[in-house]
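User: Hi! I'm new to reading protein structures and would love some help with this one. Could we go through it together?

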Amino acid sequence: MSIRRLVAACLICAALVIPARAQSADGSDNSEYLIKAGFTYNFAKLMDWPASAFPQPNSPIVIGVLGTDPFGGTLDQVLKGKQANGRDFEVKHLKWGMDMRDCDILFISSSESAHVDEILHSVHGLPVLTIGEMPGFAARGGIINFILEDNKVRFEVNVDAAKQANINISSRLLSLAKIVQQQPDGRR
Amino acid sequence: MTTTELRREIAAVMKPEGTRKQRRACAARGARPSAGRFVRARRAFAAALIVMFVTANAGAGTKQDVQDITAMSVEDLMNMQVTSVSKRTQKVADAAAAVFVITQDDIQRSGARSIPELLRMVPGLEVARIDENKWAIGSRGFNGRFDDKLLVLIDGRSVYTPLFSGVYWDVEDVMLEDVARIEVIRGPGATLWGANAVDGVINIITKSAKDTQSGLLKTEGGDEQLTADSIRYGGKVGDAGYYRAYMKGFDWDSSTGLTGVDAADGWHQIRGGFRSDWTLSRADSLTVQGDMYHSRDGETLTIPSLSVPYSATFSNMGDYSGGNLLSRWNHNFAKSSITLQTYFDRTNYADNNLFVDHESVYDIDFQHDFHLGPSNEILWGASYRSIQDRNDGTFTVSVVPNHANYNQFSAFAQDEISLFDNRARVTIGSKFEHNDFTGFEVEPNVRFLTNVSKNQSVWAAVSRAVRTPAITEEGLQLVDAVVPPGYPPNSAGSVPLIEAVYGSHQFKSEDLLAYEIGYRVQVANTFSADVAGFYNNYTNLRSAEPGAPFADGTTAVVQPFYAENKMSGGTYGVEPFVDWKPLPYWRLFASYTYLEMNIHKNADSIDPTPDIPNGSNPKNQWYFRSSFDLPHHIGQDLSVRYVDNLPSIGIPSYYSLDAGIHWNPVPNVILAFNGQNWLDSRRLEFTPDFINTVPTVVSRTMYGSITVNFGKR
């Protein structure tokens with residue numbers, strides 16, 4: 001079988017299938033981080049921060065991405081020009097050691113897994129929505145943890161941690177979440 | 001995550017809920033291929049490079065996708081499938097090694113029925129089918145049925161037999177549906193231990209029990225693999241434990257040799273096992289898993305004999321059975337973690353015409369990972385392995401001693417230093433091993449990685465690796481042929497001449513100094529490309545040196561060939577691959593492998609085998625796959641691959657076109673139909689070495705399957 005015939009065969013097969021300008025019926029395939037950016041946007045819409053979190057009526061919602069940014073710019077793009085509850089978004093890229101306490105949402109990348117306890121401790125009691133994507137993050141005190149199940153993005157919620165941050169989560173969100181209990185802290 | 005993370009994974013730190021954290025994971029020649037084909041391959045490669053650079057500059061994902069996502073409700077987002085190319089490369093982006101990840105998506109879309117078939121897409125590997133149940137699989141050269149430079153691990157357990165330092169591909173199998181991913185790392189030094197991973201490691205990682213919490217029933221059938229049925233069920237134990245149990249059985253039909261005669265190479269296997277993962281406390285996790293199997297594989301075997309007509313060819317059946325049990329405990333401290341793993345593995349091989357072997361392996365591994373200051377991550381560990389071997393030989397194959405215990409100790413340490421505000425990382429480390437054959441061995445390596453920009457990284461490494469002798473290299477007696485009196489080289493003889501290969505206590509470790517370099521780029525989660533290159537300098541490679549003939553009683557004369565270390569040389573190659581999703585419902589993948597081998601005998605070698613550059617390894621290979629998603633939950637896949645000729649064994653080059661389609665009519669049922677080798681190029685892919693099994697012809701094959709998920713939680 002000559003290579004020419006083979007290439008022709010492939011092109012024919014491809015041509016037969018491509019024009020099926022499809023739309024996968026139940027929503028297209030999306031990258032993991034595009035979906036997580038979508039969730040983050042919805043979290044901002046469906047949660048209430050205490051008044052102390054926003055000094056002025058038009059203060060933006062500050063999202064800090066701590067560590068190696070897995071969104072690769074997607075989060076910035078998704079939120080550009082968007083608003084939640086009348087507030088703009090501001091995305092900051094932070095590194096370990098920088099001040100995170102003025103964030104309203106703190107996304108902790110798995111590159112910071114070694115420092116998770118310290119990070120959560122430093123924002124404890126402050127109105128910061130902590131979001132992570134590593135096993136056990138919610139059990140350790142993070143408020144929201146993304147997990148993948150069956151190739152779909154799901155999220156765990158630690159309700160006690162949300163209460164301690166004075167963040168009110170809508171019951172609609174809670175009904176879709178996996179509720180996780182805070183594990184007793186074994187060490188200081 | 002870094003090479004450190006990857007290494008930890010290879011040494012099997014698979015936390016029960018591990019998904020994201022474990023993402024890194026962390027051949028001699030003959031005729032030249034026609035210049036035309038090589039030029040074409042170069043052009044194809046150049047074209048691929050151009051496509052790569054053009055799309056790398058194409059910028060981020062379409063504005064369209066990004067705008068649409070904010071219009072989705074939370075409920076919509078929960079229903080979206082994640083299948084971005086970033087799964088393959090994103091989490092290994094910081095590994096300073098040539099890593100390739102076979103994802104579950106690849107498993108489902110490639111139509112592969114077994115692990116060897118899955119490995120065909122990996123750049124840098126040579127995969128060749130010998131018969132229905134035997135394969136020759138190697139990395140970066142030296143391919144053969146008994147290739148000894150490629151380590152394979154399943155969930156941290158080495159499936160590398162110390163008998164011949166290779167893998168029984170006819171025995172190892174897993175339920176592919178329960179594989180989370182397979183990490184293939186070409187090159188040395190990427191493992192912490194697991195002896196002799198000189199040219200690569202294949203790490204098969206199964207899903208945690210938590211991710212397989214439903215029932216699954218799959219039945220497959222076709223014209224080659226007649227039937228394969230698997231069933232798995234997963235459940236919870238109280239609050240903190242998850243388990244799954246499975247059983248799988250299959251029957252492969254026999255195929256034919258070059259002459260068209262049935263080669264009696266059917267393959268029958270049944271296996272079962274379980275996996276359980278426990279969260280003992282907030283900081284402790286435990287995994288316990290085990291399997292048992294019984295496999296019978298057939299072949300047409302030719303063995304030499306001392307009586308006329310001096311060889312016998314007949315249908316032969318090998319019987320394998322065995323099992324394993326593994327446990328792994330992981331404990332997380334505030335800034336460090338430790339892992340303790342132990343396993344037991346038993347293999348019984350019985351082939352009354354060739355060899356009988358019973359092998360028990362006990363292995364215990366410890367690892368400690370901690371941070372020292374803000375920029376150092378230290379990983380160190382120690383392990384002990386006890387191997388008990390009991391064997392019984394025949395005229396054709398025997399091993400001395402018949403009964404022995406071997407002990408291996410190893411330790412390693414490495415420091416991963418983060419520089420320039422984490423934009424670069426240097427890893428310095430070494431493995432230390434002690435074995436009963438060659439004593440103490442040291443294998444240092446240095447690796448370097450830098451993120452030249454947010455989405456691009458460059459890495460380089462220099463490593464020393466050592467392949468310690470296998471039990472056979474020390475004590476094998478293998479009769480290659482019996483030459484009747486009057487035939488060359490026994491023309492002057494009056495009794496038969498036995499040509500036999502012997503292991504030797506003088507056999508030393510083979511040595512490798514490897515230089516590697518690589519580059520990775522990822523654009524907008526829809527395009528990723530990776531190139532790895534290497535230059536390997538080998539010394540003390542195995543040769544077979546003839547010795548003085550001696551009489552075996554009065555009935556025969558023996559011409560011995562002793563295993564010695566009188567070959568050396570260099571190999572080099574380049575292994576790019578590209579993953580691209582031009583449209584949300586269309587995905588393309590391509591890989592290419594170039595391998596040049598200049599392995600030759602040393603000046604003082606009298607091994608009569610001629611030096612054939614590239615040996616039984618192809619100089620060029622490529623693989624291309626296109627995957628489409630159509631409406632009504634139908635998916636279609638098409639793949640083409642090319643493998644260059646194998647010079648020293650006279651196997652010509654070939655193309656294979658594979659295609660398949662699958663359909664999800666209701667959420668928990670998948671119907672699939674696949675075919676391999678649609679062009680029906682009838683070919684041998686390999687001719688075996690050492691043991692004279694008749695190789696069989698690969699022809700067009702079709703098969704289908706039905707998968708049902710039930711009891712979903």
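User: How many salt bridges does the structure hold over all chains?
Analyst: Good place to begin! Keep in mind that this is a predicted model. A salt bridge here needs a side-chain nitrogen of Lys or Arg within 4 Å of a carboxyl oxygen of Asp or Glu. Over all chains, the number of such salt bridges is 45.

User: Arg109(B) and Asp637(B) meet in a salt bridge; how many residues apart are they?
Analyst: Their side chains come to 2.9 Å, N to O. Arg109(B) sits in helix α6 of chain B, while Asp637(B) belongs to strand β32 of chain B. The pair therefore links distant parts of the chain, and the separation is 528 residues.

User: Is Asp637(B) buried or exposed?
Analyst: Let's use the cut-off: buried means under 20% relative accessible area. Asp637(B) has a relative accessibility of 5%, so Asp637(B) counts as buried.

User: Which residue forms a salt bridge with Arg542(B)?
Analyst: Arg542(B) lies in strand β27 of chain B, and its partner is in helix α8 of chain B. Arg542(B) is partly exposed at 30% relative accessible area, whereas the partner is buried at 5%. The closest N and O atoms are 2.6 Å apart, and the partner is Glu473(B).

User: How many residues apart in sequence are the parts that Lys619(B) and Glu596(B) tie together?
Analyst: These two side chains meet in a salt bridge at 3.3 Å, N to O, and both residues are buried. Lys619(B) is in the loop between β30 and β31 of chain B, and Glu596(B) is in strand β30, so the pair ties together parts whose separation in sequence is 23 residues.

User: Now for empty space inside: which strand gives the largest share of the lining of the largest cavity?
Analyst: This cavity has a volume of about 320 Å³. Among the 28 residues that line it, Tyr160(B) and Glu359(B) are two of those closest to its centre. The lining divides into 15 nonpolar, eight polar and five charged residues. The largest share, three residues, comes from β16(B).

User: And how many charged residues does the lining of the second largest cavity have?
Analyst: About 210 Å³ of space lies in that cavity, and 18 residues line it. By class, six are nonpolar and three are polar, and the number of charged ones is nine.

User: Last one: which strand gives the most to the nonpolar patch on the surface?
Analyst: The patch has about 660 Å² of accessible area together, and Val237(B) is one of its residues. Val237(B) is partly exposed, with a relative accessible area of 37%. With three residues, the strand that gives the most is β11(B).

How values were computed. Residues numbered from 1 in each chain as written. Chains lettered and ligands numbered in written order. Predicted model: local features only at pLDDT ≥ 70, side-chain atom pairs only at ≥ 80, totals over all residues. Heavy atoms only, no water. 1 Å grid on protein atoms, 1.4 Å probe; cavity = no way out; pocket = protein on both sides within 12 Å on 5 of 7 lines; lining within 4 Å. Points joined across faces, edges and corners; volume = space filled by probe spheres on them. Helix = DSSP H or I, 4+ residues; strand = E, 2+ residues; numbered from the N terminus. Nonpolar A, V, L, I, M, F, W, Y, C, P; charged D, E, K, R; others polar. Patch = residues over 30% accessible without salt bridge, like charges linked within 9 Å, V, L, I, M, F, W, Y side chains within 5 Å. Areas by Shrake-Rupley, 256 points an atom, 1.4 Å probe, with all protein chains shown as cover. Buried < 20%, exposed > 50% of the residue type's maximum accessible area, 1.4 Å probe, protein only.
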